[in-house]
Amino acid sequence: MWTIVLLIFSNIFMTFAWYGHLKFRQEALWKVILVSWGIAFFEYCLQVPANRIGSEHFKPDQLKVIQEIVTLVVFGVFTTFYFGEHLRWNHGVAALLLVTAAFFVFHTW
């Protein structure tokens, strides 16, 4: 469970580092790069332990699928509240495909 919690928080930091600056287009690019790097530092402080802890229970491909699902869920919430975007039916289809990907990566054939 700690893996998922750490991944959620690391992805919140990284989403702000990658996309939060889009609301501040008037700022110089070098400034938003430095701020983004500063935010990304905290992402790595959570991401690395998440993968280290998770590797005790999951294979690397499983960790990656978990991380991608968490990333897209966090991004969906972020873009809805931060940018005021609306999720649509195609986002639901994409989520269903992610669940399908998780099924296949966690299923032993």
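Partly exposed describes a residue whose relative accessible area lies between the 20% under which it would be buried and the 50% over which it would be exposed. The views below are all drawn from a predicted model.

**View 1. The salt bridge between Glu-68 and Lys-64 in helix H3.** Lys-64, with a relative accessibility of 45%, falls between those two limits and therefore counts as partly exposed, and Glu-68, at 30%, is likewise classed as partly exposed. The side chains of the two residues meet in a salt bridge, with a distance of 2.8 Å from N to O. Both belong to helix H3, which covers residues 60-82, and because they are 4 residues apart there, about one helical turn separates them. Side chains of opposite charge can pair when their charged atoms come close.

**View 2. The salt bridge between Glu-27 and Lys-31.** The structure holds 2 salt bridges, and the one shown here joins Glu-27 to Lys-31, whose closest N and O atoms are 4.0 Å apart. Glu-27 is partly exposed, its relative accessible area being 36%, and Lys-31 is also partly exposed, with a value of 38%.

**View 3. The crossing of helices H1 and H3.** Two packed helices are described by the angle between their axes and the distance between the axes. For H1 (residues 2-19) and H3, the axes come within 9 Å and cross at roughly 50 degrees, and the two helices are therefore oblique to each other. The crossing in which H1 passes H3 is right-handed. The residues of this contact divide into 13 nonpolar and 5 polar, with no charged residue. On the H1 side, the participants include Ile-4, Leu-7, Ile-8, Asn-11 and Phe-16, while those from H3 include Leu-63, Ile-66, Val-70, Val-74 and Phe-78.

**View 4. The crossing of helices H3 and H4.** The axes of H3 and H4, the latter spanning residues 89-106, come within 9 Å and cross at roughly 165 degrees. Since angles over 145 degrees count as roughly antiparallel, H3 is therefore described as roughly antiparallel to H4. The crossing of this pair is left-handed. In the contact, H3 contributes Asp-61, Gln-62, Val-65, Ile-66, Ile-69 and Leu-72, which meet Leu-98, Ala-101, Ala-102, Val-105 and Phe-106 of H4. Sorted by character, the residues of this contact comprise 9 nonpolar, 1 polar and 1 charged.

**View 5. The surroundings of Ala-17 in helix H1.** Ala-17 has a relative accessible area of 3% and is buried, a class that applies to values under 20%. When residues up to four places away in sequence are not counted, Ala-17 touches Ser-36, Ile-39 and Ala-40. For a further reference point, Val-32 stands 15 residues from Ala-17 in sequence, and the C-alpha atoms of the two are 8.8 Å apart in space.

**View 6. The surroundings of Thr-79 in helix H3.** Thr-79 is buried, with a relative accessible area of 12%. Leaving aside its neighbours within four places in sequence, this threonine is in contact with Gly-84 and Glu-85.

Note on methods
Residues are numbered from 1 along each chain as its sequence is written. This is a predicted model: local features need pLDDT of at least 70, side-chain atom pairs count only at pLDDT 80 or more; totals for chains, interfaces and linings use all residues. Side-chain values use heavy atoms; hydrogens and water are left out. Buried means under 20% relative accessible area, exposed over 50%, partly exposed in between (1.4 Å probe, protein chains only). Axes are lines fitted to C-alpha atoms, for helices over the stretch in contact, and angles run from 0 to 180 degrees between N-to-C directions. Angles under 35 degrees count as roughly parallel, over 145 as roughly antiparallel, 65 to 115 as roughly perpendicular and the rest as oblique. A crossing is left-handed if the near helix is turned anticlockwise from the far one by less than a right angle, and right-handed if clockwise. Contact means heavy atoms within 4.5 Å. Ala, Val, Leu, Ile, Met, Phe, Trp, Tyr, Cys and Pro count as nonpolar, Asp, Glu, Lys and Arg as charged, and the others, Gly among them, as polar.
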